[in-house]
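Could you walk me through this model in the viewer, one selection at a time? I would like to know what to click on next and what I will find there.

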Amino acid sequence: MYLESPAVVEVRVRRARRTEAATTAFLLRVAFAEVAGLYTPEALAATLPDVETLRRRMDEGVVWLAFVGATPVGTLSAYPRPEGLHLRSMAVHPGARGLGVGRALLEEAERFGRARGHGRVFLRTTPFLNHAIALYSRAGFSLHQGSERDFHGVPLFELEKSL
Ligand SMILES: CC(C)(COP(=O)(O)OP(=O)(O)OC[C@H]1O[C@@H](n2cnc3c(N)ncnc32)[C@H](O)[C@@H]1OP(=O)(O)O)[C@@H](O)C(=O)NCCC(=O)NCCS
């Protein structure tokens, strides 16, 4: 077990520092390991940004890290578009699942979106990411109609939520 599991854990979310790009890349790789075999090699490569790409994302948008105590356990990125705030690269370490880390990351992104005056938040996911789809629908996301597309050979659809 990566973390002890007390009944209630405090999850802290803050923006990742440039020096934490490698930590962020690691969390993404560990979190997606269990579903890696469901992706084409091209889709997996695009799903797992490297350190340089993550540093660029920190300059162009936001990358958050979630912590339990001093341990980094999850990440989420966002970038602004005219139609709203787009989220990507949600990942929680398998040893820290079910503790509300994903929910805390989403809440922070929504707070950020509201503070920046965005009316909507968007994200893309694939039909086999069951935990993610459940998390997003509980958080109030719904299907953005007509958004189904192919992501390097993997089906992809877009969800949206009004802020
Ligand atoms: C999707 C993902 C980010 C969710 O992270 P998480 O921190 O477990 O999410 P939360 O704890 O906020 O919510 C998980 C829900 O599952 C339940 N759960 C309980 N134990 C769990 C476990 N071992 N694993 C997963 N979920 C569990 C929780 O009760 C919770 O429901 P609740 O909000 O009603 O309490 C995580 O599963 C993950 O990284 N998956 C692989 C990568 C991925 O799919 N990314 C999304 C790309 S679009």
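Start with the ligand and select what surrounds it: 18 residues, of which R97, G98, V101, G102 and R103 are the closest. Keep in mind throughout that this is a predicted model. Now colour the shell by class, and you will find 10 nonpolar, 5 polar and 3 charged residues around the ligand. Which elements supply at least two residues each to this shell? They are α1, β4, α4 and α5, the last of these running over residues 130–138. The biggest contribution comes from α5, which gives 4 residues.

Next, click on R103, one of the closest residues to the ligand. R103 sits in helix α4. Is it buried or exposed? R103 has 15 C-beta neighbours inside 10 Å, so it counts as partly exposed. Show its contacts beyond four places in sequence, and L135 and A139 light up. Then draw a distance from R103 to V11: the two are 92 residues apart along the chain, yet their C-alpha atoms are separated by 9.7 Å.

Now move to the largest nonpolar core, which has 37 residues. The members that touch the most others are W64, A66, L87, V101, L105 and A109. To see where the core comes from, select β1 (11–15), α1 (21–32), β2 (62–68), β3 (71–81), β4 (84–92), α4 (101–115) and β5 (120–125); each gives two or more residues to it.

Stay with two of these core members. W64 belongs to strand β2. It is buried, because 23 other C-beta atoms lie within 10 Å. Outside four places in sequence, W64 contacts V13, R14, R15, A16, T75, L76, L105 and E108. Another pair to try is W64 and R17, which are 47 residues apart along the chain, with 8.8 Å between their C-alpha atoms. A109 is the second stop, and its contacts beyond four places in sequence are L76, A78, L85, L87 and V121.

Select helix α1 next. Its 12 residues should span 16 Å at 1.5 Å a residue, and the C-alpha atoms at its ends are 17 Å apart, which agrees. The buried residues of α1 are A21, T24, A25, L27, L28 and A31. Look down the helix axis: these buried residues fall within an arc of 160°, so they line one face of α1. Among the elements covering them are α3, β2, β3 and β4.

That brings you to α3, residues 51–60, where L54, R55 and R57 are buried. They take up an arc of only 155° around the axis, which puts them on the same side of α3. Turn to the other side and you meet exposed E52, R56, D59 and E60. The cover over the buried residues of α3 includes α1, β2 and β3.

Finish with two backbone details. S89, in strand β4, has a positive phi of about 55° although it is not a glycine. S89 is buried, since 23 other C-beta atoms lie within 10 Å. H152 is also not a glycine, and it has a positive phi of about 50°. You will find H152 in the loop between β7 (149–151) and β8 (154–162). With 14 C-beta neighbours inside 10 Å, H152 counts as partly exposed.

Technical notes: Residues numbered from 1 in each chain as written. Predicted model: local features only at pLDDT ≥ 70, side-chain atom pairs only at ≥ 80, totals over all residues. Core = buried A, V, L, I, M, F, W, Y, C linked by C-beta atoms within 7 Å. Buried ≥ 20, exposed ≤ 12 C-beta atoms within 10 Å, placed from the backbone. Contact = placed C-beta atoms within 7 Å. Near = placed C-beta within 6 Å. Nonpolar A, V, L, I, M, F, W, Y, C, P; charged D, E, K, R; others polar. Arc of directions from axis to C-beta. Expected span 1.5 Å × (residues − 1).
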